[in-house]
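Here's a walk through one model, strand by strand and contact by contact. Have a look at the fold first, then read on.

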Amino acid sequence: MGTWLIRLRDRLPAGGGLRDEDWAGRHRLLTVLLAAFMVASTVFGALRHQNAALLWIDLLVLPTVVAGTLLRNRRLRSVCVAIGFTIACAGFVSLNNGLTEAHFAFFIAIAALALYRDWAPFGAFLVATILHHGVFGMLSGAHTYDHDSARTHPLFWALLHGFAVLLAAGFQAVYWHLTEAEERRAADNLEESQAQLSIAFDETPTPMAMFAPEGRLLRGNAAFRQWLRLPDELPADFSVRDLPLVPVAPESSVLERVMASPEPLTMVRRFRRVDDGSLIWVQLHTTPLRDRQGRLRFIFAHCQDVTSVRNHEEELRRQVRHDSLTGLLSRKAFEQDLAVMLRGRTPVSVIYLGVDRFKSVNNGSGHATGDEVLRALAARLTRVAPLGALLARLGGDEFAVAVTGPSTSGPLLGQELLAAMSEPLDVGDNPLPISISVGAASGHGAEHADDVVLAADTAMYAAKRAGGNRLEVFTEDMRVSVRERLAAEARLRQALTGHLPWTLPLWFQPVVSTVNGQIVGAEALVRMRLPDGKILSPFHFIGAAEETGLIVALGEHVLRSAFDHLLYWSSHLGYVSVNVSPRQLADPGFVPMLAGLLAEHPELDPSRLVLEITETAVLASTVDVGERLATIKRLGVRIALDDFGTGYSSLTWLKSVPADVVKLDRSFVAGLAEDQRKASIISAVLWLARSLGMSTIAEGVEEMADWEALRAAGCPAVQGYFFSEPQPPEEFQAMLINRKCVTPLAQFT
């Protein structure tokens, strides 16, 4: 029996569970309904002229309304309202003389009182209803029931009516129980969701907080408190204004922006910590939560310290704008800032400078020393340049300075820079003297930024070609020269991609023996054939080939073509000499390429190939020329020292370079017959060459008198226009085969 009661109790609704504000709203509704029911009943009774009954009803219902309003205990208040409904329903039945349909009021009242979800008012109404039907049914049956059976057996009908009300109440109780079960499930789900939210909120390493619309801190997780170094317990009125962060650049309030925006916001702000004064960057992601009416309920904020990220970005921007080696502006940053400078009203001068023979310093002393030179040069430029000037390293050993002022400002600053470089740079523990070539140009207008830099660059290269350690101011003639070099480069590139024997043919100038006038060899000289058939001399493209490095590909073609002609003329021509430029000699692939060509033609005697190098090529090279020439000699190829006598130490090089042939420069040959000093020099060189086992060739022979003087001095071979200009292969072959003795020399054969 006890177990059955426990099960019944568990199946019955527990009652209560309403929040105070929810209960108050329901109680207010029921109290108003009771008062309205009383007023309606009064009007209804007055219309039926039942004033005595109305008086008793009002006198009994009115106190329950007052008590339901004034009492403090909410259960007593609800019981009073329930009794009031019982009295009002009984009065309504009485006013209708026990009409059965009037009893429906009790069913309406029991449904209304179920809103309390409390057994006290619910049970009070049930008990009062049964008592009314039973007691009043016996005492005043006419006002309780409208049929004879109920008036004869009022107790039976009281129980019957009470049972009907109880059934209605039972269904209300079932609904009530089901509602409580659903609420418990909802509460469990809510509790689980809140637990998950609490774990996600409190345990996440990202600082998070919730704020009220006025800025009051509602909740902050551990990461938020630790990040801001806040205590675990905060005052109830703690708000955004109390956070230990001060915006560096105060802007509109974050709260104002969030309240004005219906969408989440992401912003980055810089703050200063109050405790230690350090600066931090904070990324704020705020989400406003609003009710159905659009009113802001609270703000959910994610906070992320992005100081390291911003600092890294700043460092990357600094690296983009500044050269990592010298700290000066990079080329891109210089061009951007120069464009801004050129927008002003004052003209701008650009000084472009490069280190003379920096490659020799870099390769000879090592790249580390080269870097030290560039850093020291940048430091000296910084000291000399005026305040407000732009300084940049444009790449390699090239620097630029931009200053505002009249057009004379650039040349004046260029001279100051040249003077500053007269003192050696402090590189490591040793002072290192260097020189620079400087170009200056001026311009105005941001659209001319590229032009003024190019003009200064052009002037700087003009200074380099003039010998370096000097200043050149840009002129339009230089621009023409640049255009010509660009055109020459374009023509050379086009020729190198064409059919080389046609686009870059070899011409040959004979080398003649002074003994018998026979052609003993030839110098191969490359020409360029344009699409229209015009032939260009090397003067028009060798300079561009040297500057662009195309001389390497061009030189290989010349060697291959010389090999082909040597093989073709094998029985008629002793040797062919080929000029080798400094760029070719310094190229690491030159010697392997030469060895490969010889290996491809094993039938060719390597001594029939002579490589002509100049003293300038030897001096300008950054590699060990002696070792490279020795390797070439080991291949069997002969070496000629070209333009001998034009350098500063020719006799020294004559002894140190493993040359087989010495070619006397035309400056010693021209006018030889009338200049005894030249004759003495040539005699000395011929004697020295013979003592070193070398042969000699005199270049630039154009007069009969010079030829006779050379022949008398014992020079073994000559070359020049007196005998023949360089000839195309077909004409040279005719000269070689049909006339082995050159015409002007026929008298000596």
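## Two hairpins in a row

Strand β5 pairs antiparallel with strand β6 (residues 296-305) through nine bridges. One spot to find on screen is T286, which stands opposite A301 in β6. Five residues sit between the strands of this β5 and β6 hairpin, and G294 there takes a positive phi near 85°. Bear in mind that this is a predicted model.

Strand β5 (residues 279-290) also has strand β4 (residues 265-273) alongside, again antiparallel, with eight bridges joining the two. Here V268 has Q283 in β5 as its bridge partner. β4 and β5 make a hairpin too, with five residues between them, and G277 in the turn has a positive phi of about 75°.

## The open sheet

Next up is a mixed open sheet of five strands, in the order β8-β9-β7-β12-β13. The edges belong to β8 (390-395) and β13 (471-473); each has a single partner strand, so one side of each is left without a neighbour in the sheet. On average, neighbouring strands here are turned by 20° against each other, ignoring direction.

How many bridges join β8 to strand β9? Five, with β8 and β9 (residues 398-404) running antiparallel. Within that pairing, R393 has F399 in β9 as its bridge partner. Helix α14 (residues 367-384) packs on the sheet and touches β7 (348-355), β8 and β9, with its direction at about 10° to that of β9. There's also helix α15 (residues 409-420), lying across β7, β9, β12 (436-443) and β13 and running at about 30° to β7.

## A salt bridge from the edge strand

The salt bridge count comes to 19. One of them takes us back to R393, whose side chain meets that of D323 at 3.2 Å, N to O. R393 lies in strand β8, while D323 is in the loop between α11 (307-321) and α12 (331-342), so the pair ties together parts that are 70 residues apart in sequence.

## The barrel

Further along the chain, eight strands close into a barrel with mixed pairing, in the order β14-β15-β18-β19-β20-β21-β22-β23. Strands β14 (residues 506-513) and β15 (residues 519-526) run antiparallel and are joined by seven bridges. If you want a pair to click on, try Q509, whose bridge partner in β15 is E523. Helix α20 (residues 551-568) packs on the sheet, where it touches β14, β15, β18 (575-579) and β19 (609-614). The direction of α20 makes about 175° with that of β18.

## Rings at the barrel

The structure holds eight aromatic pairs. In one of them, the ring centres of F508 and W569 are 5.1 Å apart and the planes are at 75°, so this pair is edge-to-face. What does the pair tie together? F508 lies in strand β14 and W569 in the loop between α20 and β18, so parts 61 residues apart in sequence are tied together.

## A greasy spot on the surface

Finally, take a look at the outside. V127, L131, V135 and F136 make a nonpolar surface patch of about 360 Å². One of these residues, L131, lies in helix α6 (residues 119-139).

Technical notes:
Residues are numbered from 1 along each chain as its sequence is written. This is a predicted model: local features need pLDDT of at least 70, side-chain atom pairs count only at pLDDT 80 or more; totals for chains, interfaces and linings use all residues. Side-chain values use heavy atoms; hydrogens and water are left out. Patches are made of residues with over 30% relative accessible area and no salt bridge: like charges are joined within 9 Å, nonpolar side chains (Val, Leu, Ile, Met, Phe, Trp, Tyr) within 5 Å. Accessible areas come from the Shrake-Rupley method with a 1.4 Å probe; for residues, only the protein chains shown count as cover. A salt bridge is a side-chain nitrogen of Lys or Arg within 4 Å of a carboxyl oxygen of Asp or Glu. Helices (H or I, at least four residues) and strands (E, at least two) are DSSP runs, numbered from the N terminus. Two strands pair if DSSP finds at least two bridges between them. Contact means heavy atoms within 4.5 Å. Axes are lines fitted to C-alpha atoms, for helices over the stretch in contact, and angles run from 0 to 180 degrees between N-to-C directions. Rings of Phe, Tyr and Trp (its six-membered ring) pair if their centres lie within 6.5 Å; planes under 30 degrees apart count as stacked, over 60 as edge-to-face and the rest as tilted.
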